[in-house]
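Subject: Structure handover

Hello,

Here is the structure I said I would pass on. My notes on what was found in it follow below.

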Amino acid sequence: MSRVRLASVFFLSWTACWWPTKAQEATVAIDWNAELAKAKAAIEKNPKSAFWHNQAGVAYDALGEFENAVREIKLACTLDESDPGNYYTLYALYKRKAMHSEQRQVLLDALERDAGNPLGRFEFAYILEEEKHYADSFREYRVAKRLAASVNGPNYIDARGGVYDVDIVRALVENAIDRVAKLNETSNETYSPRSADETEILSVLLKAEFQANNWTKNERICFSVKGLDPSPKLVKTLRQHLNVCSSAEWRKKFNCGFEVRIEYPSFDLSQGKDIRVQVADYREINQGTGDLAVLLRDVNYSLHKSDGKWSVTDCVPRKQTN
């Protein structure tokens, strides 16, 4: 059996929970014992073949040997770290067993290697939805929609030749966006750091912006993270050293002249890189002389952790596009 055939059968089984017709297609009669024997024979000749360890893992999974399947696919990931297909294969195994934390991490590993996969982004949006991170989920669904629209035909093909069904995303993403948008409206979701590193990074960024904009200690600055208002606990922590408030407070009281908007495209702020910071001037709105905020700064930060402390290593203006 060729690589394409095994991979296609596997991914059909992966997507069956989303698309009923795929479940019927996935019932192709295959002698999985023969496929496993073929993979083992190939591995004997080439023990470092990520492809054949992947195929052995798929065969083990079809034969109901979950632990052996995971072992082989993990080995395939190690042998060929750049191939996102191995990580998606492992993701499917974990998803079938409802192993949430494992499937979340391995999906992030896959997207780190190929962030443009519409189906991968759609799956991650669903994970975020299950975790009730509705604002993040909403953004990921919209990214999945945009990426799917950019694909010609029914399939997305990654740089390694892996094939993924985009029609599934196209069929389901609009309802998903509407669903999560409504959930987000009623959830009162705020941004809470997931680690002490994230809290420190936010503090470093805000301090850097105070310095860059020559704000005094008496100048109250509101801020948001990924479009969300910071949690009261986060504001209280940062306010020990900075005169900051939530953007939600400004919308109620118009009591700050500037807003710092912090965005990060990666899935974990504590990576400390590619962090976008915008500064908006609200003074004309506060004074009643204008209706729109004025964008003062739009920069990308990179941070580095050394001796247990975070510091800024780079801050460059973002390129403006018309």
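The main item is an open sheet of six strands with mixed pairing, in the order β4-β3-β5-β6-β7-β8. Please keep in mind throughout that this is a predicted model. The edge positions are held by β4 (244-246) and β8 (309-317), and each has a single partner strand, so one side of each is left without a neighbour in the sheet. On average, neighbouring strands are turned by 30° against each other, direction ignored. Helix α11 (residues 196-212) packs on this sheet and touches β3, β4, β5, β6 (275-281), β7 (294-306) and β8. The direction of α11 makes about 130° with that of β7.

Strand by strand, the pairing is as follows. β3 (residues 221-225) and β5 (residues 258-263) are parallel and share five bridges, with V225 having I262 in β5 as its bridge partner. β3 also pairs with β4 in the parallel sense, over three bridges, and there C222 stands opposite C245 of β4. At the β8 end, β7 and β8 run antiparallel and are joined by eight bridges. V299 has P317 in β8 as its bridge partner. β7 and β8 form a hairpin with two residues between them. In that turn, D307 has a positive phi of about 55°.

Which residues of β3 point one way, and which the other? I221, F223 and V225 are on one side, C222 and S224 on the other, and all are buried. That agrees with the count for the strand, in which five of its five residues are buried. As background, side chains in a regular strand alternate between the two faces of the sheet.

Two other non-glycine residues are worth a look for their backbone angles. F254 has a phi near 50°, a positive value. F254 is in the loop between α13 (247-253) and β5, and its relative accessibility of 43% makes it partly exposed. D274 is not a glycine either, yet has a positive phi of about 55°. D274 lies in the loop between β5 and β6 and, at 44% relative accessibility, also counts as partly exposed.

On to the helices. Helix α4 (residues 50-62) and helix α5 (residues 66-79) have axes that come within 8 Å and cross at roughly 160°. Angles over 145 degrees count as roughly antiparallel, and α4 and α5 are therefore roughly antiparallel to each other. Their crossing is left-handed. On the α4 side the contacts involve A50, H53, N54, A56, G57, V58, Y60 and D61. The α5 residues they meet are N68, A69, R71, E72, I73, L75, A76 and L79.

α4 also packs against helix α6 (residues 84-96), at an angle of about 15° and with the axes 11 Å apart. The cut-off for roughly parallel is under 35 degrees, and α4 and α6 are therefore roughly parallel to each other. α4 passes α6 in a left-handed crossing as well. Here A50, N54, V58 and D61 of α4 meet G85, N86, T89, L93 and R96 of α6. A50, N54, V58 and D61 are also listed among the α4 residues that meet α5.

One residue in helix α8 (residues 118-130) deserves a separate note, namely L128. Is L128 buried or exposed? Its relative accessible area is 2%, under the 20% limit, so L128 is buried. Leaving aside residues up to four places away in sequence, L128 touches R104, H133, D136, S137, E140 and R194. One of these, E140, is 12 residues from L128 along the chain. The C-alpha atoms of L128 and E140 are separated by 8.6 Å.

Finally, some totals for the chain. The secondary structure comes to 14 helices and eight strands. Of the 322 residues, 48% are buried. Among contacts with a separation of 6 or more, 57% are between residues 24 or more positions apart. The chain exposes about 16800 Å², and carbon and sulfur atoms supply 49% of that area.

Regards

Notes. Residues numbered from 1 in each chain as written. Predicted model: local features only at pLDDT ≥ 70, side-chain atom pairs only at ≥ 80, totals over all residues. Heavy atoms only, no water. Helix = DSSP H or I, 4+ residues; strand = E, 2+ residues; numbered from the N terminus. Buried < 20%, exposed > 50% of the residue type's maximum accessible area, 1.4 Å probe, protein only. Contact = heavy atoms within 4.5 Å. Areas by Shrake-Rupley, 256 points an atom, 1.4 Å probe, with all protein chains shown as cover. Pairing = 2+ DSSP bridges. Axes fitted to C-alpha atoms, helices over the stretch in contact; angles between N-to-C directions. Parallel < 35°, antiparallel > 145°, perpendicular 65-115°, else oblique. Left-handed = near helix turned anticlockwise from the far one by under 90°.
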